[in-house]
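The exercises below go with a single protein chain. Try each task before reading its solution.

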Amino acid sequence: MQVDNTTVAGKPKVAVEPEVAGKPKIVSAEEWQQARDELLVAEKQATRALDGLAARRRRLPMVPFDNAYVFETPTGPKTLLDLFDGRDQLVTYQFMDNGPDDFCPGCTAFTNSIPVVGPEKLRRRGITWVTVSTMPLAQIEAYKAQMGWTVPFVSSRGTSFSDDCGAGGGFVLSVFLRDGEDVYRTYNTTSRGVDRILWVHNILDLTPYGRQEAWEDSPAGWPQPY
């Protein structure tokens, strides 16, 4: 890269790196550190805000939730209470049902992002993870095998579980707590609330080009192929 060191009126010009289209501005190490330190302040504020939101979630009330649903599973019919697998907390993700041989790309990407060791690590903390769909169990099992997934999957077909969780024909993440045989819902989220927990998206948000999606607030000239 060329640096212009010619003189103007007998005085040397300041060395300036030319701007490169579609890339961040080039600055000195000192300028970069100053900008990074300023961003770090905002990042710490956001971290404290997220900690505060998590604290509020822990203080949410809970609402009784029906336990009469019967789910189809690879090991036979199970109730919602059965899905807890003896633990006190249950997290479910409702995988969209788009019909035979049609699988939601967003739900697929979300399920791909679940670490293989993730459900086991949750179990050690007293939490059971189950992915639920109104797809027939045979369709679920075939797609699981095709994708190489090991995450627990059950079918809520024929029940109102998806509607009662607020998913309808869409997707939703729900959190349940049990007290003996009584089941309660404590939290649910969808859309960007689910999006924010994807590992890939969290890493992309740290990179110069981000997720490269048109909705993002990025500088002019940034690639947006997705």
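**Exercise 1.** Is T189 buried or exposed? Locate the residue and list what it touches.

Solution. The model is a predicted one. Start with the position: T189 belongs to strand β10. Next take its relative accessible area, which is 15%. The cut-off for buried is under 20%, so T189 counts as buried. Finally, leave out residues up to four places away in sequence; T189 then touches V172, L173 and V194.

**Exercise 2.** Determine the strand order of the open sheet of six strands, and name its edge strands.

Solution. Reading across the sheet, the order is β3-β10-β9-β6-β7-β8. The pairing is mixed. At the edges are β3 (63–64) and β8, each of which pairs on one side only.
The pairings can then be taken in turn:

- β9 (residues 172–179) and β10 run antiparallel and are joined by seven bridges; R178 has V183 of β10 as its bridge partner.
- β6 (residues 89–95) and β7 run parallel, again with seven bridges; V91 is matched with W129 of β7.
- β7 and β8 (residues 153–155) run parallel with three bridges; here V132 stands opposite V154 of β8.

In general, strands of a sheet pair through backbone hydrogen bonds, in either parallel or antiparallel fashion.

**Exercise 3.** Why is strand β7 described as largely enclosed by the rest of the structure?

Solution. Strand β7 covers residues 127–133, and seven of its seven residues are buried, so the strand is largely enclosed by the rest of the structure. To see how this works out by face, recall that side chains in a regular strand alternate between the two faces of the sheet. On one side of β7 are I127, W129, T131 and S133, and on the other are T128, V130 and V132. Both sets are buried, which leaves both faces of β7 covered.

**Exercise 4.** What is the sign of phi in D101 and in S191, and where does each residue lie?

Solution. Begin with the background: most residues other than glycine have a negative phi. D101 has a phi near 60°, a positive value. D101 sits in the loop between β6 and α3 (105–112). With a relative accessibility of 73%, D101 counts as exposed.
S191 also has a positive phi, near 55°. Its place is the loop between β10 (182–189) and α7 (192–195). The relative accessible area of S191 is 44%, so this residue is partly exposed.

**Exercise 5.** How does the radius of gyration of the chain stand against that of a compact globule of 226 residues?

Solution. For a compact globule of 226 residues the expected radius of gyration is near 17 Å, but the chain has 24 Å. The extents of the C-alpha trace along its principal axes are about 90 × 40 × 30 Å. As for burial, 31% of the 226 residues are buried. The accessible surface is about 14,400 Å², and carbon and sulfur atoms hold 56% of it. Among contacts with a separation of 6 or more, 55% link residues 24 or more positions apart.

**Exercise 6.** How many helices and strands does the chain have, and how many charged side chains of each sign?

Solution. Counting the elements gives eight helices and ten strands. Counting the charges gives 24 positive and 29 negative side chains. The centres of these two sets are 6 Å apart.

How values were computed
Residues are numbered from 1 along each chain as its sequence is written. This is a predicted model: local features need pLDDT of at least 70, side-chain atom pairs count only at pLDDT 80 or more; totals for chains, interfaces and linings use all residues. Side-chain values use heavy atoms; hydrogens and water are left out. Helices (H or I, at least four residues) and strands (E, at least two) are DSSP runs, numbered from the N terminus. The radius of gyration is taken over C-alpha atoms; the globule rule is 2.2 Å times the number of residues to the power 0.38. Buried means under 20% relative accessible area, exposed over 50%, partly exposed in between (1.4 Å probe, protein chains only). Contact means heavy atoms within 4.5 Å. Accessible areas come from the Shrake-Rupley method with a 1.4 Å probe; for residues, only the protein chains shown count as cover. Lys and Arg count as positive and Asp and Glu as negative; His and the chain ends are not counted. The place of a charge is taken as NZ of Lys, CZ of Arg, CG of Asp or CD of Glu. Two strands pair if DSSP finds at least two bridges between them.
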